[in-house]
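Here is a short briefing to read alongside the model. Have the viewer open, and take the topics in whatever order suits you.

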Amino acid sequence: MTAIKHALQRDIFTPNDERLLSIVNVCKAGKKKRNCFLCATVTTERPVQVNVVKVKKSDKGDFYKRQTAWALRDLAVVDAKDAVKESPEFDLHFDKVYKWVASSTVEKNTFISCIWKLNQRYLRKKIDFINVSSQLLEESVPSGENQSVAGGDEEAVDEYQELNAREEQDIEIMMEGCEYAIANAEAFAEKLSRELQVLDGANIQSIMASEKQVNILMKLLDEALKEVDQIELKLSSYEEMLQSVKEQMDQISESNHLIHLSNTNNVKLLSEIEFLVNHMDLAKGHIKALQEGDLTSSRGIEACTNAADALLQCMNVALRPGHDMLHAVKQQQQRFSDLREQFARRLASHLNSVFVQQGHDQSSTLAQHSAELTLPNHHPFHRDLLRYAKLMEWLKNTDYGKYEGLTKNYMDYLSRLYEREIKDFFEVAKIKMTGTTREGKKFATLPRKESAVKQETESLHGSSGKLTGSTSSLNKLSVQSSGNRRSQSSSLLDMGNMSASDLDVADRTKFDKIFEQVLSELEPLCLAEQDFISKFFKLQQHQSTSGTTTNEVEEMDGVALSRSYTSGVPQTVSSEKDMVRQMMTKIFRCIEPELNNLIALGDKIDSFNSLYMLVKMSHHVWTAQNVDPASFLSTTLGNVLVTVKRNFDKCISNQMKQMDEVKISKKSKVGILPFVAEFEEFAALAESIFKNAERRGDLDKAYIKLIRAVFDSVEKVANESQKTPRDVVMMENFHHIFATLSRLKISCLEAEKKEAKQKYTDHLQSYVIYSLGQPLEKLNHFFEGVEARVAQGIREEEVSYQLAFNKQELRKVIKEYPGKEVKKGLDNLYKKVDKHLCEEENLLQVVWHSMQDEFIRQYKHFEGLIARCYPGSGITMEFTIQDILDYCSSIAQSH
């Protein structure tokens with residue numbers, strides 16, 4: 001074991017600056033026995049670290065390697081299993097329990113004892129030693145052994161000590177003498193121990209031999225002690241002499257401390273006084289400006305503004321602890337408060353007088369705008385007031401009550417001023433729209449148009465056929481369209497209707513310009529006032545809002561701004577942006593009702609005005625929302641836009657209602673229905689108005705509703721028509737609709753355009769077939785019988801053998817239809833078609849050409865049957881296809 005211990009010390013622990021104190025050969029309990037060594041080591045450098053190291057023999061050689069190391073301070077429990085019986089098993093509790101079986105009980109006990117001693121010397125930690133014999137845990141080792149671990153500076157846990165260089169050299173010399181022939185290392189070690197004891201005895205004898213020298217040394221030590229006593233006596237006397245000097249120096253030091261403390265206090269006092277003087281001293285010029293400053297001149301306003309800012313800085317200075325208890329500070333604060341109150345009162349009074357004076361000056365200019373469609377310019381008023389903007393901000397920060405009072409006074413006064421201006425402005429707009437004077441006299445144009453419309457409508461449709469809304473331009477167009485289809489005797493009335501229609505266009509254009517001018521005047525007025533309010537009253541327009549809705553804004557209309565106060569600090573009910581909107585709503589509370597009245601008047605004048613208003617209002621709402629979607633202007637215009645949209649929808653509904661109520665005269669042919677012509681006018685007008693408009697989607701929806709209503713009404717009228725065939729009504733009107741949609745190129749009505757074309761084509765074909773009928777009636781009956789025989793199974797070439805269908809019978813029937821009879825029948829047919837069709841749509845030649853084609857088709861069909869059923873008979877019709885073409889052409893030219 002000693003050789004192994006030496007090898008481990010040399011190979012493993014010496015390179016790591018550690019000393020091996022104890023070793024035990026162990027294996028893990030309950031597993032395959034693979035021996036290893038547990039080593040108790042300490043480091044050679046301070047502070048000393050104690051470790052338990054697991055050393056294992058390498059599988060690839062005879063050398064040992066360090067496998068695991070635990071710090072002794074991490075050891076919690078040492079369990080020896082049994083304190084009475086000798087057992088090689090023991091447990092060490094580190095981070096987990098490690099169970100070991102020692103190779104012998106002696107090695108186990110020696111290792112546990114070494115652990116206990118190392119703990120007592122280096123750690124003094126409470127490690128639980130359980131099931132351990134008390135003899136192993138004694139403080140000191142039995143006599144005859146080295147001194148205990150806790151008793152000296154050197155480690156004595158084990159007899160082993162590392163050899164120094166000289167000792168290694170002596171051992172090598174000794175081993176060279178025996179040529180390294182050491183068969184028994186233990187015997188060699190014992191021999192060395194005996195020789196060491198002999199050397200120790202020789203050393204002791206040598207020391208005893210030098211007793212004389214020791215006596216001389218002791219004598220010298222006694223003399224040195226006497227000298228030390230004399231020196232101590234002199235030092236005592238010197239200390240007594242310096243005691244009085246020390247007391248004096250202490251007094252001087254205390255005096256210096258008091259002087260230093262006094263200087264420090266004076267410096268601090270001077271600093272505090274300078275702070276108060278520098279921060280709470282208001283210049284006499286500022287005081288004079290606050291008390292007597294001129295608030296009418298720009299220089300005086302600037303001086304008052306600087307003085308107010310200086311006063312606010314003095315009042316808002318952050319005092320240090322204790323300053324507010326000084327009498328002078330309290331007096332200065334009271335003086336500042338009085339100055340603030342006095343100046344705030346003087347400023348509020350002056351601004352109120354400025355509001356009144358500026359208002360009187362503004363009212364004097366109203367007469368200039370009474371006859372013009374313009375609103376007075378408030379820019380000079382705003383420019384003069386903006387000089388006080390900084391003072392208003394100061395008043396808002398120092399005396400919110402007076403600031404709010406000024407705000408309410410401004411709103412109350414300006415609301416009355418703007419109400420007079422805006423009402424006069426809208427009155428002028430209404431006069432220009434209706435052509436009336438202030439005395440209420442009207443031009444005769446509108447009643448004359450209404451009378452003409454009424455008379456012409458009754459003459460066309462009878463008393464029961466009058467359309468609703470006599471001022472509607474659609475009705476006027478229907479009168480004109482129907483009038484054109486009447487006789488020449490009504491040409492004078494037709495010309496009058498054309499003039500009325502032209503006048504409608506002029507009136508609409510005039511209305512559009514007036515309405516646009518109204519919006520163009522209102523928009524900059526509102527924006528300028530809102531910008532002024534935000535600047536003058538220091539309200540942030542771009543602050544995030546709390547999401548006030550339009551209904552909430554309407555509820556605020558006419559209500560003073562409500563605020564609550566807590567300890568003099570205002571708690572705003574809404575954000576500053578909401579406050580701007582509330583002020584604008586109070587000031588311009590008359591704009592929305594006036595706009596609604598103007599819109600109602602425009603709709604009353606001409607329902608088509610709602611198209612112009614929808615486009616203009618949508619554009620202005622879009623512009624206002626791009627600037628600020630939550631502003632007063634955007635909200636107000638948005639509310640009015642809802643009204644305009646309702647009027648537009650109402651206009652569309654009225655047109656659909658009129659279509660449903662139209663009744664056609666039973667004594668005259670139908671022609672192009674009035675609502676079809678009305679739709680054409682509406683679409684043409686709407687396309688010109690809504691070109692590049694923001695609300696194009698509303699028009700597209702209206703188109704869909706109207707065109708479906710037109711389709712349904714055409715079908716309804718066609719079914720009820722007695723004078724004109726149903727196919728003619730459908731053909732002419734759907735041809736007109738198709739032509740209108742093709743000309744206007746309305747993208748949302750592409751499907752309806754195709755449907756109109758299909759309906760026109762289908763009913764044209766149906767009318768041609770129905771009207772043409774069987775012009776060669778007997779010949780048709782004859783060939784129908786031939787086709788019936790063929791259908792029964794008789795071969796075509798054998799039909800001529802049938803008695804009723806032989807060649808003689810065929811020649812007899814053909815002779816009944818010479819060319820003159822055919823031409824006469826076609827001429828009667830042409831007159832019949834001409835009587836059915838109207839002149840406006842000009843479809844007579846189209847229908848006649850289709851009938852010509854249909855007749856030629858029947859002729860070819862008959863020739864084909866003759867060629868197949870009567871081959872070689874030489875039988876032919878008494879007229880040719882060229883004859884048919886000549887007949888049709890001459891008939892068309894003659895008419």
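F532 has a relative accessible area of 2%, so this residue is buried. Please keep in mind that this is a predicted model. F532 takes part in two of the ring pairs described here, one with Y410 and one with F536.

**Aromatic pairs around F532**

- The structure holds 27 aromatic pairs. In the one formed by Y410 and F532, the ring centres are 5.8 Å apart and the planes meet at 40 degrees, so the pair is tilted.
- This pair links distant parts of the chain, with Y410 in helix α11 (residues 400-434) and F532 in helix α14 (residues 491-536), 122 residues apart.
- Both partners, Y410 and F532, are buried.
- F532 also pairs with F536, and here the rings are stacked, with 5.2 Å from centre to centre and 15 degrees between the planes.
- F532 and F536 are four residues apart in helix α14, which means that about one helical turn separates them.
- F536 has a relative accessibility of 0%, so it counts as buried.
- What else belongs to the aromatic cluster that holds Y410, F532 and F536? The other members are F355, Y400, Y403 and F537.

**The open sheet and its helices**

- Eight strands make up an open sheet with mixed pairing, in the order β4-β3-β2-β1-β7-β6-β5-β8.
- Which strands stand at the edges? They are β4 (64-71) and β8 (128-130); each has a single partner strand, so one side of each is left without a neighbour in the sheet.
- From one strand to the next, the twist averages 30 degrees.
- The edge strand β8 pairs with β5 (residues 77-79) in the parallel sense, over three bridges. Look for V78, which stands opposite F129 in β8.
- Helix α1 (residues 2-13) lies across β1 (18-28), β2 (36-43), β3 (50-57) and β4, and runs at about 115 degrees to β1.
- Helix α2 (residues 105-123) runs at about 140 degrees to β1 and lies across β1, β2, β3, β5, β6 (89-93), β7 (97-102) and β8.

**Helix α16**

- Helix α16 (residues 576-587) has twelve residues, and its first and last C-alpha atoms are 16 Å apart, close to the 16 Å expected at 1.5 Å a residue.
- How many of the twelve residues of α16 are buried? Eleven are, so the helix is mostly covered.
- The buried residues of α16 include charged ones, among them K577, D578, R581 and K586.

**Salt bridges**

- A search of the whole structure finds 27 salt bridges.
- K586 and D412 meet through their side chains in a salt bridge of 2.9 Å, N to O. K586 lies in helix α16 and D412 in helix α11, so the pair ties together parts that are 174 residues apart in sequence.
- K586 is buried, with a relative accessible area of 8%, whereas D412 is partly exposed at 31%.
- Another salt bridge joins the side chains of K430 and E594, at 4.0 Å from N to O. With K430 in helix α11 and E594 in helix α17 (residues 591-605), this pair ties together parts that are 164 residues apart in sequence.
- K430 counts as partly exposed at 21% relative accessibility, while E594 is buried, with a relative accessible area of 11%.
- R383 and D384 also form a salt bridge, and their closest N and O atoms are 3.8 Å apart. R383 is partly exposed, with a relative accessibility of 47%, and D384 is partly exposed too, at 23%.
- A network of salt bridges links E341, R345, D399 and K402.

**Q342 in helix α8**

- Q342 has its place in helix α8 (residues 327-363).
- Is Q342 buried or partly exposed? Its relative accessible area is 31%, so Q342 is partly exposed.
- Q342 and L290 are 52 residues apart along the chain, and their C-alpha atoms are separated by 8.1 Å.

Definitions and conventions:
Residues numbered from 1 in each chain as written. Predicted model: local features only at pLDDT ≥ 70, side-chain atom pairs only at ≥ 80, totals over all residues. Heavy atoms only, no water. Phe/Tyr/Trp six-rings, centres within 6.5 Å; stacked < 30°, edge-to-face > 60°. Helix = DSSP H or I, 4+ residues; strand = E, 2+ residues; numbered from the N terminus. Buried < 20%, exposed > 50% of the residue type's maximum accessible area, 1.4 Å probe, protein only. Pairing = 2+ DSSP bridges. Axes fitted to C-alpha atoms, helices over the stretch in contact; angles between N-to-C directions. Contact = heavy atoms within 4.5 Å. Expected span 1.5 Å × (residues − 1).
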